[in-house]
Amino acid sequence: MNADGLPRGATSAPGAYVHVPFCAHRCTYCSFVALEGREEEKDFFEGVEREIRSSGREATGGGVPAIRAFDSVYFGGGTPSYVEAARLGRLLGTLEEIFGLSSDVEITAEANPDDLGSEKLSDLLALGVNRLSVGVQSLVDAELVPLERRHDAGAARRAVTDAVRTFGNVSADLMIGIPGQSRRSLLASVDGLVSRGISHLSVYLLELEKAPRLVSLKRERPELFPGDDEMADRWEAVDERLTAAGLPRYELSNWARPGFESRHNLKYWTLTPVLGFGVGAHSYDGRRRYANTGMLAEYLKRIRAGVSPRASEEEETGDSLRRKEGLMLGLRLSSGVPSSTFEEIRKDLSPDSATRMEGAFLAGLLEEDSGRVRLTRRGVLLSNEVFSLLV
Ligand SMILES: C[S@@+](CC[C@H](N)C(=O)[O-])C[C@H]1O[C@@H](n2cnc3c(N)ncnc32)[C@H](O)[C@@H]1O
Ligand code: SF4
């Protein structure tokens, strides 16, 4: 924990997220707002620029925005590395002008290995990006095929090596449960990234809900897909391997060399405001949550008409709901939540829920230690069950 009582790497300043919805090809498994091609790149970036300006005005009716000085900017996607780098640079200028950026701002861009030639890397560095998040998924050629990735493992290795040389601070994404993957091949991918000097790794369990083509493959070839126990076993193997390599886990799906935790992503788990811009972007301003439309045409239509692109807005949440939400998010972190926060929430629970919560301690899913409540190792593997007790 740092001096403010926040987990290591976290700050209380707000962050900005920009969703760039364009990709060269839509991968079979992708669950994000992502469109093939970039014909509408120019219109889109002009739209985001307008959105940032009107969002700054909205907060105060023309004066200084209530939210000031972002200390993280995250270009997510989609594929931010697929668009002209100068467009990201212009948006950074607008964010600086309207909201302000702190002097030590963390600026992350998500990138695909096939985009990371030396020119793109130096352009991203020159415009201020200081952290790159590379979507690798696997370092085994045969595993990249059913995902329909555009790069092979060799290109991913080269991209990560060059990115580490350029930025120093590089994260990579891998997935557990790719058809045909084994525990051994997964660990080989982990080792291949660690040996190239990455400082952060996100490892996701492959979800098939929005992946109809992979669902069909699973029906035809179920033997290619691991069951839940095997997924959990692989996750534990990754955790052991990364901890031994000096990248301990700090969140359910995230591992980092100490000091290289994602400042931006920590904001989501510590209920710190993040304003989202672009198609499908989500925001939390400290009181309300809202989300932009996920349809590009609708987004552009609304922005051009001077209408808000928000598709949904939740009412301001009460203290009790906010505490519950804070608890669920905080339990995702290895540092857990203060016991005092936990006690306050326990008071809000119905007698039934309080009993079930007690059961989670007795079943060894939650533990209390040094004034903090955390998920145990078993609790991490069954985290959805624990979170459902809090709803
Ligand atoms: C916004 S996406 C991708 C960024 C970049 N375009 C790329 O492909 O690497 C961020 C990460 O989410 C993960 N992801 C996407 N769809 C997923 C799914 N269905 N299940 C699990 N992880 C997924 C992938 O690891 C991906 O790298
Ligand atoms: S995984 Fe990345 S490249 Fe593939 S469709 Fe999704 S956002 Fe685009």
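Angles under 35 degrees between helix axes count as roughly parallel. Keep that cut-off handy for the exercises below, which work through a predicted model.

**Exercise 1. Work out how H2 and H3 are oriented to each other, and which residues make their contact.**

Step 1: get the geometry. The axes of H2 (residues 85–98) and H3 come within 9 Å, and they cross at roughly 10°.

Step 2: apply the cut-off. An angle of roughly 10° is under 35 degrees, so H2 and H3 are roughly parallel to each other.

Step 3: find the residues. On the H2 side you have Ala85, Leu88, Gly89 and Leu92, and these meet Lys120, Asp123, Leu124 and Leu127 of H3.

Step 4: sort them by class. This contact has five nonpolar residues, one polar and two charged.

**Exercise 2. H3 also packs on H5; describe that crossing and its contact.**

Step 1: H3 covers residues 118–127 and H5 covers residues 153–167; their axes come within 10 Å and cross at roughly 30°.

Step 2: use the cut-off again. Roughly 30° is still under 35 degrees, so H3 and H5 are roughly parallel too.

Step 3: note the hand, which is right-handed for this crossing.

Step 4: list who touches whom. H3 brings Ser118, Leu121, Ser122 and Leu125, while H5 brings Asp162, Ala163, Thr166 and Phe167. By class, that makes four nonpolar, three polar and one charged.

**Exercise 3. Decide how H1 and H10 are oriented to each other, and say what their contact is made of.**

Step 1: H1 (residues 41–58) and H10 (residues 296–304) pack with their axes 10 Å apart, at an angle of about 50°.

Step 2: the parallel range stops at 35 degrees and the perpendicular range starts at 65, so an angle of about 50° makes H1 and H10 oblique to each other.

Step 3: the hand of the H1 and H10 crossing is left-handed.

Step 4: look at the contact. In H1, Asp43, Phe44, Gly47, Arg50 and Glu51 meet Leu296, Tyr299, Leu300 and Ile303 of H10. They divide into five nonpolar, one polar and three charged.

**Exercise 4. Trace how E12, E13 and E14 are joined.**

Step 1: start with E12 (residues 282–284). Three bridges join E12 to E13 (residues 289–292), and the two strands run antiparallel. To check the register, find His282, which stands opposite Ala291 in E13.

Step 2: look at the turn. E12 and E13 form a hairpin with four residues between them, and Gly286 in that turn has a positive phi of about 105°.

Step 3: carry on to E14 (residues 310–313). E13 and E14 also run antiparallel, joined by three bridges, with Tyr290 opposite Glu313 in E14.

**Exercise 5. Lay out the open sheet of E15, E16 and E17, and explain which strands stand at its edges.**

Step 1: write down the order, which is E15-E17-E16, with antiparallel pairing.

Step 2: count partners. E15 (337–338) and E16 (366–369) each have a single partner strand, so one side of each is left without a neighbour in the sheet; these are the edge strands.

Step 3: zoom in on one pair. E15 and E17 (residues 372–375) pair in the antiparallel sense over two bridges, and Pro338 stands opposite Arg372 in E17.

**Exercise 6. Describe what surrounds ligand 1 and ligand 2.**

Step 1: take ligand 1. There are 18 residues around ligand 1, of which Thr79, Gly135, Asp173, Tyr204 and Glu207 come nearest. By class, the shell divides into eight nonpolar, seven polar and three charged.

Step 2: find the strands involved. E4 (70–77), E6 (131–137) and E7 (170–176) each supply at least two residues of the ligand 1 shell.

Step 3: turn to ligand 2. The residues around ligand 2 include Cys23, Cys27 and Cys30, along with Arg26, Phe32 and Asn112. This shell has five nonpolar, five polar and one charged.

Step 4: spot the overlap. Thr79 and Gly135 are in the ligand 2 shell as well as among the residues nearest ligand 1.

**Exercise 7. Find the backbone oddities at Gly78 and Gln137.**

Step 1: recall the background. Most residues other than glycine have a negative phi, and most peptide bonds are trans.

Step 2: check Gly78, in the loop between E4 and H2. A cis peptide bond joins Gly77 and Gly78, with omega about 15°. Both glycines are also among the residues around ligand 2.

Step 3: check Gln137, which is found in E6. Its phi is near 70°, a positive value in a residue other than glycine.

Note on methods: Residues numbered from 1 in each chain as written. Chains lettered and ligands numbered in written order. Predicted model: local features only at pLDDT ≥ 70, side-chain atom pairs only at ≥ 80, totals over all residues. Axes fitted to C-alpha atoms, helices over the stretch in contact; angles between N-to-C directions. Parallel < 35°, antiparallel > 145°, perpendicular 65-115°, else oblique. Left-handed = near helix turned anticlockwise from the far one by under 90°. Contact = placed C-beta atoms within 7 Å. Nonpolar A, V, L, I, M, F, W, Y, C, P; charged D, E, K, R; others polar. Near = placed C-beta within 6 Å. Pairing = 2+ DSSP bridges.
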